[in-house]
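Let's take a walk through this chain together, starting with the whole fold and then stopping at a few residues. Keep the viewer open as you read.

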Amino acid sequence: MRTLNSYISKSFLVTFLATVTVFTFVLSIGGLFKLTDLVSKGIPWRPIVTMFACGMPSALAFAIPISALTATLLVFGRLSADSEITAMKACGISLWMVMRWMLPVAFLMAVICLYINNELVPSSHYARRSTLARISTANPIDLIEEGRPIREFEGLTVYVERKKDNLLEGVRIYDLRTEGQKREIKAKRGVVTIETNSTDIVLALEEVTIDPFSFERPVAAYCGKWTERIQNTSRKRTYRKKVKDMSLAELFHGIRTMVPDKVEDEVAVAKRRMVMSVEMHKRFSLSCSCIAFVFLGVPLGIRSHRKESSIGVALSLLLVFSFYLFIIVAEQLAKHPAMHPDALTWMPVILSLVIGSILVQRMS
C-alpha cells in the first residue's frame with residue numbers, strides 16, 4: 001500500500017509541477033505585453049520589474065487550482081488506460097482508498113492557495129497599482145486606460161472603450177464635482193493631450209452629448225466639439241486601497257464595523273458590505289477549489305481512460321470555465337445583497353464535491 005501511495009503521489013506531483021509552470025507562464029503573457037509597452041515608453045526598468053514580480057501571485061492563485069485538476073485528469077486517465085485502476089480493484093483497493101491518498105495533497109494545495117489569495121495577492125496587487133500610479137504621474141495620459149472605469153481623478157469617473165496612443169473612442173465621463181449633482185458626458189471620439197507647462201489633461205471631444213448641460217435647466221445638449229479639462233493630475237501620486245487590495249483581516253473588520261454615516265445610507269452600506277463579503281468568500285472558494293477539482297478529477301480522469309494528454313487538458317479547461325463562471329456571476333451581483341451572491345461563490349465547490357461523490361460511488 002505504501003509503495004502504491006508513493007507511486008501515485010509521485011506521478012501526480014511531477015505532472016502538477018509541469019502543468020503549474022506552463023499555466024503560470026500562460027497567465028503571465030498578458031502582463032508581459034503590458035510591461036513591454038511600458039518599456040517602449042521609456043519607463044525605468046526597476047518599477048517594471050517590480051510590477052512583473054507583483055503579478056506572479058495572481059497568476060499562481062489561478063494556476064494552482066487549474067494545474068491540480070489537469071494533473072489529476074492526466075494521471076488517473078493514464079492509470080485507467082493502462083488498466084492499473086482495474087488491477088487495484090482486483091486487489092481489493094477501492095477508489096475511495098485511492099482518493100484518500102490524494103486528499104492530503106489537495107488539502108495542502110488549498111492551504112497554500114488560501115495564503116496566496118488572502119495575503120500575497122492583495123498586497124502585490126496594491127503594490128503593483130501603487131507603482132503604476134507613480135509611473136503615470138510622469139505621463140498623466142497613461143492614467144487613462146481602455147476598457148475599465150478610471151476613478152483616479154477627483155470628482156470624475158472616465159471610461160474609454162478604445163485607446164490608441166492619444167486617440168480615444170467611446171468616451172464617457174461622469175462628473176460629480178458639483179455636490180449633489182451628476183452630469184454625464186458622452187463622446188464618439190476624442191484626443192487626449194497635456195496642457196503646456198502643466199500636468200492638466202485636456203480632452204478634445206467630438207460628437208458630444210452632455211446631460212444635463214445646465215443644472216438650472218436639466219436638459220441634454222449636443223455639440224460637435226467640446227473640451228474637458230482634468231486639472232492637476234499630479235496630485236494622484238498614491239493609489240487608494242480598494243476591496244481587492246485588502247487582506248482577509250481587513251475585509252473581516254470592514255464587514256463587521258461598517259455602519260451608515262451622513263454621506264451613505266443603509267442601502268449603500270449594505271452594498272459595500274456585500275462587495276467585501278463576496279470578495280472574502282471568493283478567496284475561500286477559490287482556495288477550496290483545489291480539493292473540489294481533485295475530488296471531481298479522479299472519477300472523470302478514469303472515465304476518459306485515454307492516453308492523449310489533450311483530452312485531459314481540454315476537459316480541465318471546460319470544468320475551470322464552468323467553475324469561474326459562478327464566481328463572475330457572483331461578482332456582478334455583489335451590489336444586490338438580497339440575492340446573497342456571496343453564497344453563490346460556494347455553489348461550484350458544492351456541485352463538484354457532490355458530482356464527484358456520485359461518480360466515485362458508481363465506480364466503486
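What share of the contacts in the chain with a separation of 6 or more comes from residues 24 or more positions apart? In this predicted model, such residues account for 65% of those contacts. As you turn the fold around, it helps to keep that figure in mind alongside the order of its elements.

That order can be followed along the sequence. The chain holds 9 helices and 5 strands, and they are arranged as α-α-α-α-β-β-β-β-β-α-α-α-α-α. In other words, four helices precede the run of five strands, and five helices follow it. Of the 364 residues in the chain, 42% are buried. Looking at the outside instead, about 20000 Å² is exposed, and 62% of this area is supplied by carbon and sulfur atoms.

Now let's go inside, to methionine 102. You will find this residue in helix H4, which spans residues 95-138. Is methionine 102 buried or exposed? Its relative accessible area is only 1%, and because buried means under 20%, methionine 102 counts as buried. Leaving aside residues up to four places away in sequence, methionine 102 touches Ile8, Phe12, Phe76 and Val294. You can also look for threonine 72, which is 30 residues from methionine 102 along the chain; the C-alpha atoms of the two are separated by 9.2 Å.

Next, head for leucine 333, in the loop that links helix H7 (309-332) with helix H8 (341-344). Leucine 333 has a relative accessibility of 23%, so it falls between the 20% and 50% cut-offs and counts as partly exposed. Its contacts, again without residues up to four places away in sequence, are Met339, Pro341 and Leu344. Which distance separates leucine 333 from lysine 271, C-alpha to C-alpha? The answer is 9.9 Å, although the two are 62 residues apart in sequence.

Lysine 271 also leads us to our last stop, on the surface. Together with Arg151, Lys242 and Lys335, Lys271 forms a positive surface patch. One member of this patch, arginine 151, lies in the loop between helix H4 (95-138) and strand S1 (156-164). At 45% relative accessibility, arginine 151 is partly exposed, because exposed would require over 50%. So the tour has taken us from methionine 102, which is buried, to arginine 151, which is partly exposed.

Note on methods
Residues numbered from 1 in each chain as written. Predicted model: local features only at pLDDT ≥ 70, side-chain atom pairs only at ≥ 80, totals over all residues. Heavy atoms only, no water. Helix = DSSP H or I, 4+ residues; strand = E, 2+ residues; numbered from the N terminus. Buried < 20%, exposed > 50% of the residue type's maximum accessible area, 1.4 Å probe, protein only. Contact = heavy atoms within 4.5 Å. Areas by Shrake-Rupley, 256 points an atom, 1.4 Å probe, with all protein chains shown as cover. Patch = residues over 30% accessible without salt bridge, like charges linked within 9 Å, V, L, I, M, F, W, Y side chains within 5 Å. Salt bridge = Lys/Arg side-chain N within 4 Å of Asp/Glu carboxyl O. Lys, Arg positive; Asp, Glu negative; His and termini not counted. Charge placed at Lys NZ, Arg CZ, Asp CG, Glu CD.
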